[in-house]
Structures are given as structure tokens and as C-alpha cells.
Amino acid sequence: MKIQEALVKGRLSLNSLEVEILLSFVLNKPIIELYKNPDYELKEDGISCFEKLILERKKGVPLEYLTGQTEFMGLLFKITKDVLIPRKETEILVSEAIKEAEKIKSPRIIDIGCGSGVIAISIKKFLPNSCVLATDISEKALLVCKMNTKMHNVRIHFIRSLILSAIKGKFDIIVSNPPYVETGLVLEYEPKIALDGGPSGLDFYPRIFEEARHLLKKDGLLILEIGQGKRKAISEIAKNHNFSLKRIVKDYSDIERILILGMQ
């Protein structure tokens, strides 16, 4: 089977972009090379792998899990089924954390629930003078994070911890994209532990506020990603834990997505 034939066959099941991504992954070639060499003959194992990936994608398995990689903040990261696939909205969370951290000479930053490490590593890449600590309760997620840290040649400190229970010291910024999907809406293929925020999607926020209060410096900031329509409820939880809302940032769909809070 030639590249051209594989593209045509794949398009019977998937859209063109998905077919291109999968075939590019199988051949380890940039997508543009597929069109430069349409008569290139795929080997039998390549054909078998490509057809298997097409079938998996048809079942609904995300492309990122099939290729084992994703792009975030212009950087490439390794992904496994043990970690959440990062969303574009989370790039806003990182951008806001960087914006605030740039005001500090040598910022100390914690990423709660680091998963694949896209938040912590992106912050460190853009702010080399920062000290970044990444936490997660999942040992498998921490392994993926460490793998990405090595790939990007940055130094991150790792601690296995549920929220901030195992952390000591004082920090300038605590950032988190906690599980905030309501239990009944959790997606099939991604790890439940990274998504499920309980029946209301709010289960993790009270504990984050309670534990962050003891670790933030006096003028420190807590920067959180939230679910759609949850700003009012989370603001009330924050107020009950002596945090005040300083700024709200909307996402690309004009949804209130990022809260920037300080201690009262």
C-alpha cells in the first residue's frame, strides 16, 4: 500500500487531518512529507499499525493517546492513558501564572495535580529563574511528568501528595487545574481521578483553599481553573476560607475559566 492509497482508505473512516496525523505518526514523518512522497510503499507492519490506529480512533480513543504525544504552549509532551489530555483553556492558566510570576525575582511555585507536567514544565521553561514544585497523588502520573521533565531538560521538584498535605514551606504562587467535571459527565477514555470533581464538580476546592492558606506567602496568589458556571460557588468557598477574588479570566469561548485569588 502506497501513502496516497493509505490516505484515501483512511478518509473512508476519519477526517483528513486525523488520517494525516496517524499516518505521519506511523511513518515518523512530518505531514508535508506524506504529500511529497505519495508513492512511498508502506511496509506490512506499518500498514497493520495504521489500520489498527484507524479502528481505535473510530471507537473514540483520543488521538493523543494513540500517538502518545500532545502539544501545549508550543511544546511537545508525552502522554499516556494515566494522565489527562491537556486542554487549550489550560494554556490560559499557565499564561496567567507566568504573568504574575514575572513580577517576582525568584518565584516559588506549586502545581497541584501535575499529571503529565504540562503546567509545571511550561512555567519552568518560560521562567528559568523560578523554583517549581509539582505534586500528584498518582505515581503513574508522576512518572509521566518526570519523563517530560527529562525530555525538556528542566529541573522540577516532585512530591507525591493529595492536594498539599505533604508540602512544607512558603510559596509565591499555587496553581492548579483540579478535577472539576461533575461525576456523571466524566469522559470514558481519560483517567477518572484527573477529572471527577464529585456530583457538583466542587469537591476539591475547599481542601485546596484550606491547605493553600498555610503555604502561601502573605501576598501570594492562588490561580485556579474552574468549570463552566462555577465561579459564584467557588468564590463563596474561597470567602469562607479567607480568600478574596482578585481577577477573573475568560477562555476562548467567553466562559469564566481562571480565578486569581489572594488571602484576605
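R57 is partly exposed in this predicted model, with a relative accessible area of 21%, and its side chain forms a salt bridge with E18 in which the closest N and O atoms are 2.8 Å apart. The pair links distant parts of the chain, since E18 belongs to helix 2 (residues 16-27) and R57 to helix 4, with their positions 39 residues apart in sequence. E18, in contrast to its partner, counts as buried because its relative accessible area of 13% falls under the 20% limit for that class. The chain around this pair has 264 residues, of which 50% count as buried, and its secondary structure comes to 11 helices and nine strands.

**Overall dimensions and surface**

- Along its principal axes, the C-alpha trace of the chain spans about 65 × 40 × 30 Å.
- The chain exposes about 13,200 Å² of area, and carbon and sulfur atoms supply 52% of that surface.
- Among the contacts between residues at least 6 apart in sequence, 64% join residues that are at least 24 apart.
- A nonpolar patch on the surface is formed by I137, L162 and I193, which together have about 230 Å² of accessible area; of these residues, I193 is placed in helix 9 (residues 192-195).

**The sheet**

- Seven strands form an open sheet with mixed pairing, and their order across the sheet is 5-4-3-6-7-9-8.
- Strand 5 (157-160) and strand 8 stand at the edges with a single partner strand each, so one side of each of them is left without a neighbour in the sheet.
- From one strand to the next, the twist averages 20 degrees.
- Strand 3 (residues 108-112) pairs with strand 6 in the parallel sense over four bridges, and in this pairing I110 stands opposite I174 of strand 6.
- Strand 6 is also joined to strand 7 (residues 216-225) by five bridges, and these two strands run parallel; here I174 stands opposite L222, while V175 stands opposite I223.
- Strand 8 (residues 243-250) and strand 9 (residues 256-263) pair in the antiparallel sense over seven bridges, with L245 standing opposite L261 in strand 9.
- The hairpin of strand 8 and strand 9 has five residues between the strands, and D254 takes a positive phi near 65 degrees in this hairpin.

**Buried positions and packing around the sheet**

- Strand 6 (residues 171-176) is mostly covered, as six of its six residues are buried.
- S176, which is placed in strand 6, is buried with a relative accessible area of 1%.
- Leaving aside residues up to four places away in sequence, S176 touches L93, D111, I112, I208, I223, L224 and E225.
- In helix 10 (residues 205-212), the buried residues are Y205, I208, F209, E211 and A212, and the buried residues of this helix pack against strand 3, strand 6, strand 7, helix 11 (231-240), strand 8 and strand 9.
- Helix 6 (residues 89-101) lies across strand 3, strand 6, strand 7, strand 8 and strand 9, and it runs at about 165 degrees to strand 7.
- Helix 11 lies across strand 8 and strand 9, running at about 155 degrees to strand 8.

**Salt bridges**

- The structure holds 20 salt bridges, and one of them is formed by E51 and K9, whose closest N and O atoms are 2.7 Å apart.
- Because E51 lies in helix 4 (residues 44-59) and K9 in helix 1 (residues 3-10), this pair ties together parts that are 42 residues apart in sequence.
- E51 counts as partly exposed at 30% relative accessibility, and K9 is likewise classed as partly exposed, at 40%.
- The side chains of R213 and E210 meet in a salt bridge with an N to O distance of 3.0 Å; R213 counts as partly exposed at 27% relative accessibility, and E210 counts as partly exposed at 32%.
- Salt bridges that share partners also join E96, K99, E100, K103 and R247 into one network.

Definitions and conventions. Residues are numbered from 1 along each chain as its sequence is written. This is a predicted model: local features need pLDDT of at least 70, side-chain atom pairs count only at pLDDT 80 or more; totals for chains, interfaces and linings use all residues. Side-chain values use heavy atoms; hydrogens and water are left out. Patches are made of residues with over 30% relative accessible area and no salt bridge: like charges are joined within 9 Å, nonpolar side chains (Val, Leu, Ile, Met, Phe, Trp, Tyr) within 5 Å. Accessible areas come from the Shrake-Rupley method with a 1.4 Å probe; for residues, only the protein chains shown count as cover. A salt bridge is a side-chain nitrogen of Lys or Arg within 4 Å of a carboxyl oxygen of Asp or Glu. Buried means under 20% relative accessible area, exposed over 50%, partly exposed in between (1.4 Å probe, protein chains only). Two strands pair if DSSP finds at least two bridges between them. Contact means heavy atoms within 4.5 Å. Axes are lines fitted to C-alpha atoms, for helices over the stretch in contact, and angles run from 0 to 180 degrees between N-to-C directions.
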